[in-house]
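Q: I have a structure to look at and would like to learn how to read it. Please take me through it feature by feature.

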Amino acid sequence: MSLPRYPVDVDGLMSAGAEGIAAIRAGLEAKKQQSRAAKHRCDYCGKEDDDKKPLQACTGCRTVRYCNKTCQTAHYRVAHKRDCSSFSETPLCRPFNPKLILAGCSYPEVPIFAKAHVDGMGCWVSPSGSIDCSLAALPGSRIPSRNRDNMSMEQLLAALPGAPGRFLDIRVMVQNRVRRKGAPPMVVVGKCIIAISSARGTPQIIEGNLPGEVNVKLQDWNGSVTPLFLKLTHYNGKEVKSGERLAALKDDKTTSVVLHQGDFVIFELQYRCGGPNISRDFEAWELLDHIFVPSVPYDPAFSGPWSELLPRAVEKDDSVCEVRAKVSQELVDRWFADYKQKGQDAYIRSHYGEARAQMIAAGNNALGQHMAMMMDMAMGGGLGR
Ligand SMILES: [Zn+2]
Ligand SMILES: [Zn+2]
């Protein structure tokens with residue numbers, strides 16, 4: 001039986017019944033209390049955030065906050081100068097915080113499986129799969145509020161003969177920390193963020209090829225896949241609501257975003273990963289070598305299509321900044337170890353907490369009871385038990 005994908009889908013929640021709702025309520029309350037307790041402090045003097053005069057983030061990296069210019073200058077001299085351009089920390093962002101471990105969990109909410117930076121452009125890659133580690137059955141099936149102009153379910157099914165459960169969800173955060181004076185902003189094209197397989201994983205990546213799928217061939221690359229679905233979910237830490245007209249978004253079709261110094265975005269991407277025999281997130285991750293994130297200096301005179309960035313990257317255009325974030329198989333292993341060694345329940349408990357595990361169990365119970373009832377009715381037993 002398939003479980004509700006993460007984050008919790010409302011239908012799944014409603015079907016979980018009162019027991020499940022009580023469990024999730026308790027979980028949400030714990031989460032709220034935890035984030036309330038974690039008030040921000042000035043990274044130099046330690047003063048707590050003040051609602052009247054909130055702390056200000058460093059505009060170069062947005063990883064630290066200060067109460068005023070004096071604290072910022074002092075901290076820059078003693079410690080922050082090196083860190084500011086190092087990409088060792090992600091910019092401050094609640095939905096993408098690798099340091100946050102929720103109460104009752106043994107793993108961070110956002111594990112980083114890959115990260116890299118080149119010439120002031122950097123990225124972090126995190127899994128975004130389902131709570132039960134199953135790959136999405138259809139592209140876009142987990143990404144909420146996707147573009148309504150996209151293919152209908154029927155069209156998708158027609159385009160994808162057989163072999164469901166092969167789509168890997170990932171989240172990629174990209175930030176511009178170019179410090180050169182007078183440097184132009186950079187454009188990141190979501191459609192050009194490519195998943196590159198390892199030499200070992202290439203046969204399976206190619207085995208799963210879809211009709212008409214774009215495959216980039218380069219000497220030093222193995223199999224590679226372009227995202228089948230992508231969504232810009234956050235811009236400078238704020239959620240991008242569906243239908244919102246974001247000035248930095250230059251092209252909807254390719255999801256091309258302009259990033260000035262310090263700006264950062266989060267993309268949710270989905271790749272067709274592997275052949276018919278791959279059905280779990282970790283099986284897909286094991287095929288990957290790195291995530292390729294190209295960007296180019298923003299040219300206001302260039303009107304697109306921004307997808308031209310991809311062939312330009314392939315031709316090794318000098319102006320293309322190529323960030324290759326190598327997937328750490330060690331971190332992938334550690335993250336999925338509970339699932340592989342102790343099973344799904346243990347994995348859900350250690351990664352999402354007891355409340356969520358109970359909700360899933362309650363949901364399964366509710367579904368199980370419902371099924372039993374249907375069976376009873378089908379067999380003429382009715383409800384009078
Ligand atoms: Zn301070
Ligand atoms: Zn900084």
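Q: How many residues lie between the strands in the hairpin of S11 and S12, and which residue there takes a positive phi?
A: This is a predicted model. The hairpin has four residues between its strands, and Thr255 takes a positive phi near 50 degrees. Strand S11 covers residues 249-251 and runs antiparallel to S12, to which two bridges join it. One of the pairings matches Asp251 with Ser256 in S12.

Q: Which other strand is joined to S12, and by how many bridges?
A: Strands of a sheet pair through backbone hydrogen bonds, either parallel or antiparallel. Here strand S6 (residues 186-189) is joined to S12 by four bridges, in the antiparallel sense. Ser256 appears again, as the bridge partner of Val189.

Q: Are the faces of strand S12 covered or uncovered?
A: In a regular strand the side chains alternate between the two faces of the sheet. In S12 (residues 256-259), Ser256 and Val258 lie on one side, Val257 and Leu259 on the other, and all of these are buried, which leaves both faces covered.

Q: What do the faces of strand S15 look like?
A: S15 (residues 321-326) has a covered face made of Cys321, Val323 and Ala325, while Glu322, Arg324 and Lys326 form the uncovered one. Its antiparallel neighbour S14 (residues 288-297) is joined to it by six bridges. In one of these pairings Pro294 is matched with Glu322.

Q: Where does Glu322 stand between buried and exposed?
A: A residue needs 20 or more other C-beta atoms within 10 Å to be buried, and 12 or fewer to be exposed. Glu322 has 15, so it is partly exposed. Glu322 also shows how the fold brings distant parts of the sequence together: Met121 is 201 residues away along the chain, yet the two C-alpha atoms are 8.6 Å apart.

Q: What share of contacts in the chain join residues far apart in sequence?
A: Among contacts between residues at least 6 apart, 75% join residues at least 24 apart. The chain has 385 residues, of which 39% are buried, and it contains ten helices and 15 strands.

Q: What is the order of the strands in the open sheet of six?
A: The order is S3-S4-S5-S13-S9-S10, with antiparallel pairing. Strands S3 (114-118) and S10 (238-239) stand at the edges with a single partner strand each, so one side of each has no neighbour in the sheet. Within the sheet, S5 (residues 167-176) and S13 (residues 264-272) pair over nine bridges. Leu168 and Tyr271 are bridge partners in that pair.

Q: Which residues touch the most other members of the largest nonpolar core?
A: In soluble globular proteins, nonpolar side chains tend to be buried together. The largest nonpolar core here has 71 residues, and Val172, Cys273 and Val293 touch the most other members. Domain 1 (1-37 + 353-385) and domain 3 (91-146 + 158-341) both give residues to this core, so it lies between them. Leaving aside neighbours within four places in sequence, the contacts of Val172 include Cys123, Ile193, Phe267 and Val293. A second, separate core has eleven residues, among them Cys42, Ala57, Val64 and Cys67.

Q: How far apart are the ends of helix H3, and where is its kink?
A: One way to read a helix is to compare its end-to-end distance with that of a straight one. H3 (residues 69-86) has 18 residues, but its end C-alpha atoms are only 21 Å apart, where a straight helix would reach 26 Å. A kink of about 80 degrees is centred on Ala79. Cys71, Gln72, His75, His80 and Cys84 are buried in H3, and the buried residues pack against strand S2 (65-66). After the helix comes Phe87, with a positive phi near 60 degrees.

Q: What does the same reading give for helix H8?
A: H8 (residues 329-342) has 14 residues and reaches 19 Å, close to the 20 Å expected. It bends by about 55 degrees at Phe336. Its buried residues are Val332, Trp335, Phe336 and Tyr339, and what covers them includes helices H6 (281-285) and H9. Just after H8, Gly343 takes a positive phi of about 100 degrees.

Notes:
Residues are numbered from 1 along each chain as its sequence is written. Chains are lettered from A and ligands numbered from 1 in the order in which they are written. This is a predicted model: local features need pLDDT of at least 70, side-chain atom pairs count only at pLDDT 80 or more; totals for chains, interfaces and linings use all residues. Two strands pair if DSSP finds at least two bridges between them. The expected span of a helix is 1.5 Å times one less than its number of residues. The bend at a residue is the angle between axes fitted to the seven residues ending there and the seven starting there. Two residues are in contact if their C-beta atoms, placed from the backbone, lie within 7 Å. A nonpolar core is a set of buried Ala, Val, Leu, Ile, Met, Phe, Trp, Tyr and Cys residues joined through C-beta atoms within 7 Å. Domain bounds come from an automatic or database domain assignment.
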